[in-house]
Amino acid sequence: MTFKDLRRAINAKISLKYIFILWALFILNLILYSFFVYSLVLYYASNTTASYNVFSFLYSNISLVSIIEIFGFLFIGTFAFTEYKLLQSLKTHQEKLIQILSQIQIPNLDSQANEIKNLKMPNSLLLPIIMVFFFFIPLLGIVSLIISFYVVYKSHKTLKELENLEDKAFSLLGIKLQREKTQKKNFVLYFIVILITIGFFMLYLIFEAIKEFNHHVEEDYRLLESIDF
């Protein structure tokens, strides 16, 4: 891969189509669950005898329950895949940046490249898998929510650390840094809002995390394009 190809590869952004799919699945799931609750209320309102219970309702509405489970799996699967893409893209960006810096013969730049190389990245596959696993265990769905929140938090923290290391490396290249920095976020407040909104706020957070990453790689590409090696 040539230096020009590497420079182009560093600008590989994450498509926002995953967010649009997530929102569509979320709205669909919300409609299905609302219809399920409405049907359950009607069921109990029209059957007052003790022999009627939630299990008989589920059995008589097995098709609706199956559809809800299928679309629920599609939603959490898409969410997990989106977070996987975020973590994997962050790791790939790190690798491409190291390859670029290793091709530039400037004193002390190797040490900066090694610092970037030693920056520990979150496991891009394990966390999303655990997230999906806990989602389908009764009473443990909160664990899935916490893991998804942790992924966004960790990606933001890692991106900030990577950005600081990049700034040191770029300064050795004589690049005047005028980038818009990744903003520090109050994740304690975000977690409280997530609990209040029963997890709905996570959709906004993952959207912001992807926008944050895309902006970062765009800035890196712009900085590297500003000099000719």
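## Exercises: helix packing and aromatic pairs

In this predicted model, Ile 19, Leu 22, Trp 23 and Phe 26 of helix H2 touch Leu 203, Ile 206, Phe 207 and Ile 210 of helix H9.

**Exercise 1.** Work out how the contact of H2 with H9 divides into nonpolar, polar and charged residues, and whether H2 runs roughly parallel or antiparallel to H9.

*Solution.* Start with the residues: the contact splits into 8 nonpolar, no polar and no charged. Next, take the axes of H2 (residues 17-46) and H9 (residues 201-225): they sit 10 Å apart, at an angle of about 175 degrees. Angles over 145 degrees count as roughly antiparallel, so H2 is roughly antiparallel to H9.

**Exercise 2.** Classify the aromatic pair of Phe 149 and Phe 187, and say which helices the two residues lie in.

*Solution.* Grab the ring geometry: the centres are 5.8 Å apart and the planes make 70 degrees. Pairing needs centres within 6.5 Å, and planes over 60 degrees apart count as edge-to-face, so Phe 149 and Phe 187 are an edge-to-face pair. Now place them: Phe 149 lies in H7 (residues 141-172) and Phe 187 in H8 (residues 187-196), so the pair ties together parts 38 residues apart in sequence. Phe 149 is buried at 11% relative accessible area, and Phe 187 is buried too, at 9%. Both belong to one aromatic cluster, whose members include Tyr 150, Tyr 153 and Phe 201.

**Exercise 3.** Is Phe 133 buried or exposed?

*Solution.* The relative accessible area of Phe 133 is 53%. Exposed means over 50%, so Phe 133 is exposed.

Key. Residues numbered from 1 in each chain as written. Predicted model: local features only at pLDDT ≥ 70, side-chain atom pairs only at ≥ 80, totals over all residues. Heavy atoms only, no water. Buried < 20%, exposed > 50% of the residue type's maximum accessible area, 1.4 Å probe, protein only. Phe/Tyr/Trp six-rings, centres within 6.5 Å; stacked < 30°, edge-to-face > 60°. Helix = DSSP H or I, 4+ residues; strand = E, 2+ residues; numbered from the N terminus. Axes fitted to C-alpha atoms, helices over the stretch in contact; angles between N-to-C directions. Parallel < 35°, antiparallel > 145°, perpendicular 65-115°, else oblique. Contact = heavy atoms within 4.5 Å. Nonpolar A, V, L, I, M, F, W, Y, C, P; charged D, E, K, R; others polar.
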